[in-house]
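Please look through the model below before reading on. The paragraphs after it begin with one charged residue and then turn to the sheets and the helices.

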Amino acid sequence: MVNKIEVLKQAKDGLDVYPDLLRYAREGYDAIDPDDFERLKWYGLFHRKATPGYFMLRLRIPNGVLTSEQIAAVGEIANRCGRGQADITTRQNIQLRWIEVEDVPWIFQRLSAAGLTSQQSGMDNVRNVVGCPVAGLDPDELIDSRAVAVRLQQAIIGHRAFSNLPRKFNLAITGCRDDCIHARTHDLSFVPALIGDQQTAGFNVLVGGAMGGREPAYAQPLDVFVEARDVVPLATAILEVFRDHGPRESRRASRLKVLLKEWGMERFRKAVVERFGRPLAWAGEPATGHDGGDHIGVTGQAQAGQSVVGCLVPVGRITGDQLIEFGRLASKYGEGELRLTVQQNVLIPHVNETRLGTLLEEPLLETFSPDPSPWIRSVVTCTGTEYCHFSLIDTKGEALKLARALDERYEIDAPVRLQMSGCPHACGQHRAGEVGLLGSRVRRGETIVDAADLFVGGSLGEDATLGERVRTGVLLDDLPGTVAESLRALRGGQAVRDRDSAPEAAG
């Protein structure tokens with residue numbers, strides 16, 4: 001039995017909705033065909049029940065690299081059409097809210113003029129291509145993968161060969177030794193590796209990551225090594241196998257991980273090799289040495305005398321004016337470039353050491369600090385109830401409240417990767433966090449109240465593990481003490497210290 005989305009796609013490819021989109025912009029929201037609400041996602045427009053009559057617009061920003069002009073254009077669109085609001089996402093991307101269909105032609109023209117697009121950023125397409133946010137800047141990286149990320153987008157977006165996949169497909173590539181892209185959470189990841197006596201640099205391949213649903217899974221090795229020149233052909237071969245053989249009966253069981261479970265890795269690898277057209281080398285020696293760097297703070301670049309300034313954007317929420325100001329700072333103190341991260345933050349690279357002190361005194365960096373509390377530094381959330389009808393709790397608001405409470409009550413030496421999802425779709429990737437929270441509702445007497453299930457022990461990198469549920473239905477007001485207690489158990493008794501018992505307070 002084919003699901004209703006497959007029937008919809010058979011009737012009209014999502015890419016073919018563009019002329020209708022222009023007509024809807026003239027005729028208004030009420031003219032939109034019900035089926036086209038789904039097809040509009042092929043152009044990055046998402047109608048949400050929480051905001052009837054309005055759309056969320058999701059962009060494409062391969063590798064999270066933006067120019068000052070581009071981020072200013074996004075800020076301008078947010079201010080003119082989106083009530084001045086924007087969110088940085090866990091795919092190095094930006095989402096705008098409160099978009100009216102009548103404004104879409106102007107928005108698309110403004111994006112195009114800035115060299116940006118929103119095409120195929122939703123539904124059954126390859127989502128934004130994620131990459132290391134300090135690619136080309138990190139003195140310890142194995143390969144600068146930025147150009148490959150751009151070529152991947154060029155090879156996929158706008159091509160009907162990849163506009164009708166069984167389900168969404170998350171793709172990532174990195175050449176750095178920090179697992180800053182959270183490689184195992186994607187359907188397909190290319191990660192740095194070395195092979196042979198000559199220690200040739202290239203990529204190992206991971207497949208099948210998907211964090212949502214009842215059976216979340218980390219990506220597993222395909223046992224393949226490729227050099228940079230073969231990344232695009234191999235990625236398209238994998239996409240073709242998934243397109244042609246991936247399950248389409250149920251939306252809940254149509255990700256690549258489902259095909260891998262049905263076929264097994266050996267059969268899948270054989271099919272990929274056949275589609276690729278020539279033998280593939282077995283996996284090389286992994287070159288990932290660390291577990292999920294975030295690039296917050298001031299770090300030196302490979303380019304002498306220059307630094308990257310990583311600014312924390314708490315839970316990714318930002319305004320149009322602040323986006324424009326980031327662009328101004330990047331032009332004034334750097335080389336007019338910015339980078340977004342999967343932790344929902346903004347980096348300003350190419351800052352000359354002679355300008356660094358002045359940049360750090362800018363008012364915007366008081367709001368988005370490069371030296372944040374370790375409790376808020378690594379907090380990641382999904383959209384939450386404010387804009388998503390699937391979410392059970394206000395993830396962004398509650399995560400900030402939790403981080404502030406933890407900071408007031410406890411001291412900790414190392415940042416905590418605290419990740420919060422509002423529902424089992426797991427857009428906040430809660431099971432990848434050292435501490436993960438999944439929104440829930442529980443009954444207390446005659447009242448249904450907001451709560452969260454608690455997961456601990458998630459890790460990234462070569463030996464990644466999924467967090468395990470240790471508590472269910474924790475009331476949100478009880479989370480600070482529960483999280484602190486769980487971290488003590490995980491890290492050791494002295495890892496989390498009460499502020500009123502710290503040596504400074506005792507003295």
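**A buried charge and two open sheets**

In this predicted model, Asp-138 is buried (under 20% relative accessible area, where over 50% would be exposed and anything in between partly exposed, with a 1.4 Å probe and protein chains only), yet Asp-138 has no salt bridge, and the nearest side chain of opposite charge, that of Arg-177, is 6.9 Å away. A salt bridge here requires a side-chain nitrogen of Lys or Arg within 4 Å of a carboxyl oxygen of Asp or Glu; Lys and Arg count as positive and Asp and Glu as negative, while His and the chain ends are not counted. Asp-138 lies in the loop between β6 (130-131) and α6 (146-156), and, leaving aside neighbours within four places in sequence, Asp-138 is in contact (heavy atoms within 4.5 Å) with Cys-176 and Ala-302.

Residues are numbered from 1 along each chain as its sequence is written, and side-chain values use heavy atoms, with hydrogens and water left out. Because the model is predicted, local features need pLDDT of at least 70 and side-chain atom pairs count only at pLDDT 80 or more, whereas totals for chains, interfaces and linings use all residues.

Helices (H or I, at least four residues) and strands (E, at least two) are DSSP runs numbered from the N terminus, and two strands pair if DSSP finds at least two bridges between them. One open sheet of 5 strands has the order β1-β2-β5-β4-β14, with antiparallel pairing. Its edge strands, each pairing on one side only, are β1 (45-47) and β14 (317-319). Within this sheet, β4 (residues 85-88) and β5 (residues 94-99) are joined in the antiparallel sense by 3 bridges, and Ala-86 has Leu-96 in β5 as its bridge partner.

Another open sheet of 5 strands follows the order β17-β19-β20-β21-β22, and here the pairing is mixed. At its edges are β17 (379-381) and β22 (468-475), each of which pairs on one side only. Strand β21 (residues 447-456) runs antiparallel to β22, with 5 bridges between them, and the bridge partner of Leu-454 in β22 is Arg-471.

Helix α13 packs on this sheet, touching β17, β19 (418-421) and β20 (435-444), and its direction makes about 150° with that of β19; such angles run from 0 to 180 degrees between N-to-C directions, with axes fitted to C-alpha atoms, for helices over the stretch in contact. Helix α14 (residues 479-491) also packs on the sheet, touching β19, β20, β21 and β22, and its direction makes about 15° with that of β21. Among the buried residues of α13 are Leu-402 and Leu-406.
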